[in-house]
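Dear colleague,

I am handing over the structure below, and after it I set out what was found. Please have the sequence and the 3D view open together as you read.

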Amino acid sequence: MLYLVGLGLGDAKDITVKGLEAVRRCRRVYLEAYTSVLAVGKEALEEFYGKELILADREMVEQEADNLLKEADVCDVAFLVVGDPFGATTHSDLVLRAVKLGIPYKVIHNASIMNAVGCCGLQLYNFGETVSVVFWTDTWQPESFFDKIEKNRQNGMHTLCLLDIKVKEQSLENLMKGRKIYEPPRYMTVNQAAEQLLAIIQNRRLQGLKTDPMFQSGSLGLAEDLQGGMRREPDGASGRRLEERGVEQCSFSRSSKQDHKPAKGIKKDLKSGRDCKV
Ligand SMILES: C[S@@+](CC[C@H](N)C(=O)[O-])C[C@H]1O[C@@H](n2cnc3c(N)ncnc32)[C@H](O)[C@@H]1O
């Protein structure tokens, strides 16, 4: 049996009872470690689950999936995913392969970033298309996520912006030369996302294109991630520069004492969800 087990978004204890039971009876347990971030490391999970975990990076999941599924028809194998196994990036490819190989599978769901975003006070029913804000490079600066945010706003919808995570990625040069040298992990900060959004607004203004009135007023509300610590903004120049440029940030910390409560000092227009202040 292949078990796809959601780990939730907090720490080792966020796994469900059903998920933990499955993990404990599996012969091999893989931890998907490239699309999401958990507040605790592999060792803390191993200690709580009482099980050794095999880190599964993108290469292993995408190129060596058959190894991962080896013998799953005669023994139990678990594939652990932070959040929900089918939240945002789906691991449906793995399921399709399992089905093709005649391996039975079970999904054990958990909280996902897709619904935990409700903690910011905005109604989940009123979210439009989710976007991924990807890291720009010198030669690749897509703007499609901005169009989707605008479209959502035109339809009166909020947008969940998933900020890019780059774990164990090769530089373009290393990729082209086939060198297995990996860049250090990077997690897009709220400031970096705002910088990119502001650059797009600026580009469009220069081209004489209209943007949503919210963007024209120069006010941009951004919520930090749900995982205290992962994307704390440094009090550096970048943060100040954004504030000077009219970007307001709000943060929602997820400390053990304040689970799901906005950090102190945040004011938010719950109806429009537009204004927030720390
Ligand atoms: C493919 S989605 C992950 C979905 C995950 N399986 C879930 O159900 O929540 C990946 C994106 O989710 C966001 N994300 C992942 N882990 C997060 C966390 N702990 N806190 C906030 N955002 C997170 C990041 O923007 C990341 O690029």
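Of the 278 residues in the protein chain, 43% are buried, and please keep in mind throughout that this is a predicted model. The protein chain exposes about 15400 Å², of which carbon and sulfur atoms supply 52%. Its secondary structure consists of 11 helices and 13 strands. When contacts between residues at least 6 apart in sequence are considered, 72% of them join residues at least 24 apart.

One helix pair may be worth finding in the view. The axes of helix 7, residues 144-154, and helix 9, residues 190-206, come within 10 Å and cross at roughly 85°, which means that helix 7 is roughly perpendicular to helix 9, since angles of 65 to 115 degrees are counted in that way. On the helix 7 side the contact involves F145, F146, D147, I149 and E150, and these meet Q196, L197, I200, I201 and R204 in helix 9. By character, the residues of this contact comprise 6 nonpolar, 1 polar and 3 charged.

The other site to look at is D76, which sits in the loop between helix 4 (65-68) and strand 4 (77-81). Leaving aside residues up to four places away in sequence, D76 touches M1, Y3, R25, C26, R27 and R28. With M1, a polar atom of the D76 side chain lies 3.4 Å from the backbone nitrogen of M1. Although D76 and V29 are 47 residues apart along the chain, their C-alpha atoms are separated by 8.8 Å.

With kind regards

Methods:
Residues numbered from 1 in each chain as written. Predicted model: local features only at pLDDT ≥ 70, side-chain atom pairs only at ≥ 80, totals over all residues. Heavy atoms only, no water. Helix = DSSP H or I, 4+ residues; strand = E, 2+ residues; numbered from the N terminus. Buried < 20%, exposed > 50% of the residue type's maximum accessible area, 1.4 Å probe, protein only. Contact = heavy atoms within 4.5 Å. Areas by Shrake-Rupley, 256 points an atom, 1.4 Å probe, with all protein chains shown as cover. Axes fitted to C-alpha atoms, helices over the stretch in contact; angles between N-to-C directions. Parallel < 35°, antiparallel > 145°, perpendicular 65-115°, else oblique. Nonpolar A, V, L, I, M, F, W, Y, C, P; charged D, E, K, R; others polar. Polar contact = N/O pair within 3.5 Å; in protein donor to acceptor, adjacent residues only side chain to side chain.
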